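Biologist: Could you take me through one part of this protein with care, namely its sheet, and explain how the strands are arranged and what lies against them? I am in my first year, so please connect each step to the one before.

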Amino acid sequence: MWHLPSPVKIYLCQAPTDMRKSFDALAVLVESVLCQNPLSGHIFIFCNKRGNRIKCLYWDQDGYAIWYKRLEKGTFSIPPTGADHAVDHRQLAMMLKGLKPHKTALKARFKLK
């Protein structure tokens, strides 16, 4: 996967998406469904109805980029999101590895406020 800087946020579209959509159509979904700016540099994730394909759209300084993955067997475990549609870096990594992020509990750790 990617090494993502801390300021980069990840947004997940819970509604199934037609994987034939490309850059501009996905950017419109970012604005209309996720209520975010597609040029922000954040990552926007879309999954198909069967759950075996995933597309990530992001703005890469001078243009859109898409990262696309198709599973040969199985499905992605899509974590639940709140009203802001945000997931963290750990949830994304677990989802792409085939783990169930919503079933995993973290032990208490110090967190700088």
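Modeller: Since this is a predicted model, confidence comes before anything else: the mean pLDDT of the protein is 87, and 90% of its residues reach 70 or more. Confidence is highest in helix α1, at a mean of 96, and lowest in helix α2 (residues 89–97), at 85.

To place the sheet within the whole, notice that the protein has two helices and five strands, and that, read from the N terminus, these elements follow one another as β-α-β-β-β-β-α. The radius of gyration of the protein is 14 Å, close to the 13 Å that the globule rule gives for 113 residues, so the protein is as compact as a globular protein of that length.

Now to the sheet itself, which is open, has five strands in the order β4-β3-β2-β1-β5, and shows mixed pairing. At its edges stand β4 (64–70) and β5 (86–87), and because each of these has a single partner strand, one side of each is left without a neighbour in the sheet. As a general point, strands of a sheet pair through backbone hydrogen bonds, and they may do so in a parallel or an antiparallel way.

Let us begin at the β4 edge, where β3 and β4 run antiparallel and are joined by seven bridges; here W59 stands opposite Y64 in β4. These two strands form a hairpin with four residues between them, and in its turn Q61 has a positive phi of about 60°.

Moving inward, β3 also pairs with β2 in the antiparallel sense, this time over five bridges, and L57 in β3 is the bridge partner of F44. β2 and β3 likewise form a hairpin, with five residues between them, and G51 in that turn has a positive phi of about 80°.

At the other edge, strand β1 (residues 10–12) pairs with β5 in the antiparallel sense over two bridges, and the bridge partner of Y11 in β5 is A86. As for what lies against the sheet, helix α1 (residues 23–32) packs on it and touches β2 (43–47), β3 (53–59) and β4, while the direction of α1 makes about 95° with that of β4.

Two values for the whole protein help to set this sheet in context: residues 24 or more positions apart account for 52% of the contacts with a separation of 6 or more, and buried residues make up 36% of the 113 residues.

Definitions and conventions:
Residues are numbered from 1 along each chain as its sequence is written. This is a predicted model: local features need pLDDT of at least 70, side-chain atom pairs count only at pLDDT 80 or more; totals for chains, interfaces and linings use all residues. Side-chain values use heavy atoms; hydrogens and water are left out. Two strands pair if DSSP finds at least two bridges between them. Contact means heavy atoms within 4.5 Å. Axes are lines fitted to C-alpha atoms, for helices over the stretch in contact, and angles run from 0 to 180 degrees between N-to-C directions. pLDDT is the predictor's confidence in each residue, from 0 to 100. The radius of gyration is taken over C-alpha atoms; the globule rule is 2.2 Å times the number of residues to the power 0.38. Buried means under 20% relative accessible area, exposed over 50%, partly exposed in between (1.4 Å probe, protein chains only).
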